[in-house]
Every structure is written in C-alpha cells, then in structure tokens.
Amino acid sequence: MLEVRGVETYYGNIPALREISIDVPGGNVIAIIGANGAGKTTLMKTIAGVLRPRSGTVSFLGEEITGLPSHKIVRRGVALVPEGRAILSRMTVRENLEMGAFTRRDAKKALLDMDRVMERFPVLKERAGQLGGSLSGGEQQMLAIARALMSAPKLLLLDEPTLGLAPLVVADIFAIIREINAAGTTILLVEQNVKQAMKVSSYTYVLETGKIALSGPSNELLQEPRIKASYLGQA
Amino acid sequence: MFLDQLINGITLGGIYAIVALGYTLVFGVLDIINMAHGEIFMFGAFAGMLIVSKAGAPLPVAFLGAIAVTAAMGLLLERFALRPLRGRPGASHLASLISTIGVSILLENVAHKLFGAGNHLFETPFAEISFTVGPVTIYLVQLLILLISLLLMAGLALWLSRTRAGKALRATAENLETAGLLGVDTNRMITATVVIASAMGGVAGVLVGMAFNYINNQIGLSMGLKGLAIIIFGGMGSVYGAMAGGLILGLSETFVVAYGSSGYRDAIAFVAIIVILLVKPRGLFGQAPAEARR
Ligand SMILES: Nc1ncnc2c1ncn2[C@@H]1O[C@H](COP(=O)(O)OP(=O)(O)OP(=O)(O)O)[C@@H](O)[C@H]1O
Ligand SMILES: [Mg+2]
C-alpha cells in the first residue's frame with residue numbers, strides 16, 4: 001500500500017534520514033521503533049508531505065506522492081496523527097472533529113461518522129462543546145486519533161500516540177489501535193513502548209540515526225538479542 | 001448631548017473596528033502586522049471618492065469599486081510581497097514585516113503622485129438628511145455607517161464560527177502545519193485572508209469618506225496607526241478584541257473631544273495602549289500563543 005524507497009530528508013544541510021526504504025502492506029500494522037532523535041518523526045512527516053525528501057520516492061496505492069503538499073496527501077487517504085497531538089486548542093472538540101472531515105465530499109456520511117466516533121469515544125461526546133485546549137493529555141490523544149479517523153483514511157500514521165500517558169490510558173490506546181486496524185484501516189505506528197508496539201504489529205523497522213538498522217517480522221524481532229538489550233531492557 | 005455623542009462615538013468606533021479587523025485577520029494567519037493595510041484602506045477611500053464625487057455614481061457602486069480595488073491590491077501584496085518570503089529557510093517574520101513597510105511607502109508615494117497632498121471632497125448626496133428623535137439628532141449617513149459596520153462585523157463573526165471555510169481559516173491561524181495535515185490548502189487560505197482583510201479596508205475607506213466628507217493622502221497613516229493601537233489594545237489576532245477595541249477607542253475619542261479638549265483626541269489611543277498593556281500584557285482579548293506555532 002505504502003512504499004518508501006531510498007528516502008533522504010535533510011534539515012538544512014544536516015541529513016535526518018538516509019536511504020530509508022520501508023513497505024506498509026494493506027491491512028497491516030507496521031511498527032517503527034528507535035531512540036530519541038533517530039528520525040522517526042522526520043520519516044512520518046516526510047510521508048505525510050510536511051517535509052520534502054531531498055531524494056527517494058514515496059508511493060501510495062501505486063502512485064507516486066513524493067513532494068506533494070500535505071493537504072493533497074490527506075485527500076488520497078493518508079492521515080497523520082502528529083507527535084504532540086496538535087489539537088486545535090482554540091476550537092471546540094466538535095470543531096476539531098469537523099476539521100478532521102474537511103476533505104470529505106460526502107457530508108452526510110461524515111455526519112454519521114461523527115456520531116460513530118462520538119459513540120466510540122464517549123469523553124469526546126461529553127466534551128463536544130469544550131475547547132480542545134481544555135482537554136487532558138489522554139483526552140487530547142483520543143481527539144487527535146478521532147479527528148484523523150474523520151477523514152476516513154486508508155492509511156493512518158500514528159507518531160508516538162502514547163507519549164506521556166498513564167499506563168491505563170496507554171493500554172486503552174493500544175486497544176483502539178487494534179480496533180481501528182480490525183475495522184480495515186492500515187496503520188504505521190511510531191512508538192517508544194517497544195514491546196506493545198511489536199505485539200500489535202506484524203512487522204517492525206528499527207531506526208537508528210536516520211537509517212534502518214534492523215527490520216523483520218515483529219514476533220521474530222522480539223526474540224532478537226540486540227532488540228532485547230537495547231529496547232526491551234533485558235540482558 | 002450625551003446621546004448624540006454616544007451615537008457619534010459608536011459610528012466612529014464601528015469604522016475603527018473594521019480597520020482593526022483587517023490587521024487582526026492577517027496577523028492571525030501570518031503572525032505579522034501588515035504595515036501596508038493603512039495605505040490599502042486609503043486607496044479604498046480614493047476609489048470610493050472618484051466613483052461618488054467625480055463620476056457621480058451612487059454609493060453602492062462606490063463600495064463595490066473600493067472592494068474591487070483593495071481586494072486586488074491584497075492579492076498582489078500577498079502574491080508578490082509576502083509569498084516569496086514564506087517558508088524560505090532563514091527568512092524570519094521580520095522579512096515579511098519589512099516587505100509590507102516597503103509596499104506601504106510605495107503606495108503612499110503613488111497616492112501622492114495621483115491625488116496630490118490636498119483634501120478631496122467626498123460627496124454623499126444625502127449628507128444633510130437627519131432625523132430628530134426626542135432630544136437626539138441622527139444623520140442618515142451615521143445610521144448607514146453604523147449599519148454597514150455592524151453587518152460586516154456580525155457577518156465576519158458568523159462566517160468564522162459557522163462555515164467550513166471560516167473554521168479552516170481559524171485552524172490555519174492557530175497552526176499552519178496542522179491545518180495542512182487536515183487538508184486545508186494553507187497557501188490559498190492565507191491569500192484569501194489577505195484579500196478579505198484588504199477588502200474590509202476598502203469598505204472602511206468609503207465609510208471614512210462618508211463620515212468626514214473629505215479625504216487626503218494622510219488618512220492611511222493616521223488610520224493605520226489607530227488600527228495598530230486597537231489590535232495591541234484588543235489582543236493581537238483576536239477578532240472580538242478588534243471589534244471591542246474599535247468601539248472603545250471611537251467612544252473615548254468622541255467623549256474626550258466633547259467634554260475635554262480636542263487636542264488630546266489622538267493621544268487617547270496611545271494612552272489606552274499603555275494602560276492596557278500594564279494591566280493585561282496580551283491585550284483585552286489576548287490569547288496565549290498556541291503551542292508549536294510553526
Ligand atoms: N526542525 C528541525 N530542524 C533541525 N533539525 C531537526 C528538526 N527536527 C528534528 N531535527 C533533528 O533531526 C533528527 C531526527 O529528529 P526526529 O524528530 O525525526 O527524531 P525522532 O526519532 O522522532 O525522536 P523522538 O523520539 O524524540 O520523537 C534529530 O537529530 C533532530 O535533532
Ligand atoms: Mg519523534
């Protein structure tokens with residue numbers, strides 16, 4: 001579904017991604033793990049069109065989308081839930097969700113989806129009229145995911161959705177990820193909760209200083225000594 | 001006497017609010033003060049003057065003409081003075097600010113060349129028509145100014161809060177990157193904002209002509225400074241702050257002139273800024289800066 005080939009992204013003259021190639025087959029959850037500063041966010045932003053790669057290609061559903069602006073990429077069915085959530089804090093919860101459906105032409109179906117999303121996330125229904133900025137961190141993350149779902153994406157990019165959340169909420173988010181995937185949406189997940197990310201995904205890429213250091217089926221990588229030592233805190 | 005002054009003050013305040021809205025909308029999406037807005041406003045006034053006084057056409061035509069001229073100026077300003085600087089690595093907001101200062105100097109000189117330095121009569125056919133209700137005398141012109149500025153403000157507020165495009169504008173103003181990720185073509189949104197803001201300046205230009213009956217090539221500067229004062233006072237980027245600030249300034253100026261001395265009139269705006277900034281540093285309706293603004 002998504003193919004990234006030899007992508008290099010720079011900040012000024014400093015390379016942040018070097019020769020990155022990944023595949024996200026339709027229907028799967030694919031995980032990307034890596035230390036702080038490895039380039040995970042840079043990769044997600046490059047796929048979503050926020051950053052332009054200096055070289056390499058990104059293709060989605062067989063068509064090249066390299067260098068397209070983000071507002072065109074979301075129209076093709078790729079939605080990014082950015083790191084730090086990026087809630088519109090001066091707009092209400094409902095308005096945030098409406099903005100999630102901004103690209104949709106089928107207004108009636110979007111309204112139905114709004115109801116469905118509110119059913120799935122009762123907190124958001126309760127707080128529909130409240131400003132986005134007044135929500136707690138966990139609620140904001142729910143809103144960010146719900147907002148991305150409002151665009152009815154084929155591929156959902158999640159950049160550290162559990163960052164800074166309490167363990168119970170983290171478990172909640174992983175349950176939601178499974179649910180979204182079971183409902184037919186492909187997911188590319190960046191996570192620092194390595195173990196859970198590998199459990200929910202079929203394939204994992206390990207990013208180190210802008211390069212893919214390791215990759216493989218998640219259940220196999222879980223047994224890999226290097227992974228155990230560096231990412232799972234086991235000797 | 002008091003009621004008369006109240007009406008005068010609200011009328012003036014309505015015009016100020018429309019001018020200030022032009023600044024605040026652009027500030028919202030671009031984080032810069034459009035220093036050329038006062039001059040664009042002035043061209044709106046001149047366009048209206050030419051249509052009403054020189055061509056003798058009716059007032060609605062003057063509004064349409066002023067809107068057309070200033071909207072086109074906004075489009076050119078965004079396309080040639082702002083967009084080339086946007087998103088360039090190393091180009092700070094200061095670059096766009098200075099760019100608008102350049103445009104304002106250019107426009108001032110063009111206006112001087114075209115219209116000279118003197119006053120131009122802005123004739124409204126019904127300038128003398130007034131109604132007397134009890135102790136109060138209201139001029140039809142005042143009523144019209146009031147009506148137009150209120151409609152414009154209400155329309156803008158509704159558009160921003162209810163429509164898809166208005167919400168997209170607010171999203172763009174809060175966070176450019178997020179708006180883009182949600183599917184908003186932020187470049188188009190910014191262009192639209194500068195065009196709308198400029199057209200509002202054009203409307204304000206005609207309103208000033210109607211209110212004072214004459215215009216000259218200095219009104220851009222003086223009105224521009226007041227608009228700036230209002231948005232600092234009301235809170236940068238705040239739509240309601242611009243409306244409230246405009247009305248407050250209009251009323252206080254009118255009352256100071258009526259009950260105090262006209263010499264202090266132009267000082268009020270700046271005294272008000274100093275006071276409000278001491279008490280509320282972000283302005284009356286100021287918002288904390290949104291996180292992760294580009
Ligand atoms: N806007 C920027 N300008 C310059 N350098 C940047 C910028 N954003 C990120 N970088 C650098 O690029 C590299 C990769 O950053 P990135 O944010 O992609 O890492 P990450 O894997 O998402 O880290 P984290 O786990 O902390 O979110 C880092 O060295 C970072 O310092
Ligand atoms: Mg990151």
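Biologist: Which residue in the turn between strand 1 and strand 2 of chain A has a positive phi?
Modeller: A:G12 does, with a phi of about 65°. The two strands form a hairpin with two residues between them. Strands here are DSSP runs of E of at least two residues and helices are runs of H or I of at least four, numbered from the N terminus.

Biologist: Before going on, what kind of model is this?
Modeller: It is a predicted model, in which local features need pLDDT of at least 70 and side-chain atom pairs count only at pLDDT 80 or more, whereas totals for chains, interfaces and linings use all residues. Residues are numbered from 1 along each chain as its sequence is written, chains are lettered from A and ligands numbered from 1 in the order written, and side-chain values use heavy atoms, with hydrogens and water left out.

Biologist: Back to that hairpin: how many bridges join strand 1 to strand 2 of chain A?
Modeller: Seven bridges join strand 1 (residues 2–11) to strand 2, and the two run antiparallel. Two strands are said to pair if DSSP finds at least two bridges between them. Within this pair, A:V4 stands opposite A:I22, and A:L2 stands opposite A:V24.

Biologist: In what order do the strands of that open sheet lie?
Modeller: The sheet in chain A has four strands in the order 2-1-4-5, with antiparallel pairing. Strand 2 (14–24) and strand 5 (63–64) stand at the edges with a single partner strand each, so one side of each has no neighbour in the sheet.

Biologist: And strand 9 of chain A, parallel or antiparallel to strand 3?
Modeller: Strand 3 (residues 29–34) and strand 9 (residues 203–208) of chain A run parallel, joined by five bridges. A:A31 has A:T204 in strand 9 as its bridge partner. Strand 9 also pairs with strand 10 (residues 211–217) of chain A, in the antiparallel sense over six bridges. There A:E208 has A:K211 as its bridge partner, and A:T209, in the hairpin with two residues between the strands, takes a positive phi near 35°.

Biologist: Changing topic, which residues come nearest to ligand 1?
Modeller: A:G37, A:K40, A:T41, A:T42 and A:E83 come nearest, out of 13 residues around ligand 1; a residue is counted as near if one of its heavy atoms lies within 4 Å. Helix 1 (residues 40–48) of chain A gives the largest share of this shell, three residues.

Biologist: How many of the shell residues are nonpolar, polar and charged?
Modeller: Four are nonpolar, six polar and three charged. Ala, Val, Leu, Ile, Met, Phe, Trp, Tyr, Cys and Pro count as nonpolar, Asp, Glu, Lys and Arg as charged, and the others, Gly among them, as polar.

Biologist: How far is the polar side-chain atom of A:T42 from an oxygen atom of ligand 1?
Modeller: That distance is 2.5 Å. For A:E83, a side-chain N or O atom is 2.6 Å from a ligand 1 oxygen atom, and for A:N36 a polar side-chain atom lies 2.9 Å from one. Taken alone, ligand 1 exposes 630 Å², of which the protein buries 57%; accessible areas come from the Shrake-Rupley method with a 1.4 Å probe, and for residues only the protein chains shown count as cover.

Biologist: One last item: how many residues does the contact take from chain A and from chain B?
Modeller: It takes 23 residues from chain A and 20 residues from chain B, contact meaning heavy atoms within 4.5 Å. The chains bury about 2000 Å² between them, 55% of it on carbon and sulfur atoms; buried area is the accessible area (1.4 Å probe) that two parts lose on being put together, summed over both. In chain B, B:E174, B:L181 and B:L182 lose the most area to chain A, together 34% of what that side buries.

Methods: Polar contact = N/O pair within 3.5 Å; in protein donor to acceptor, adjacent residues only side chain to side chain.
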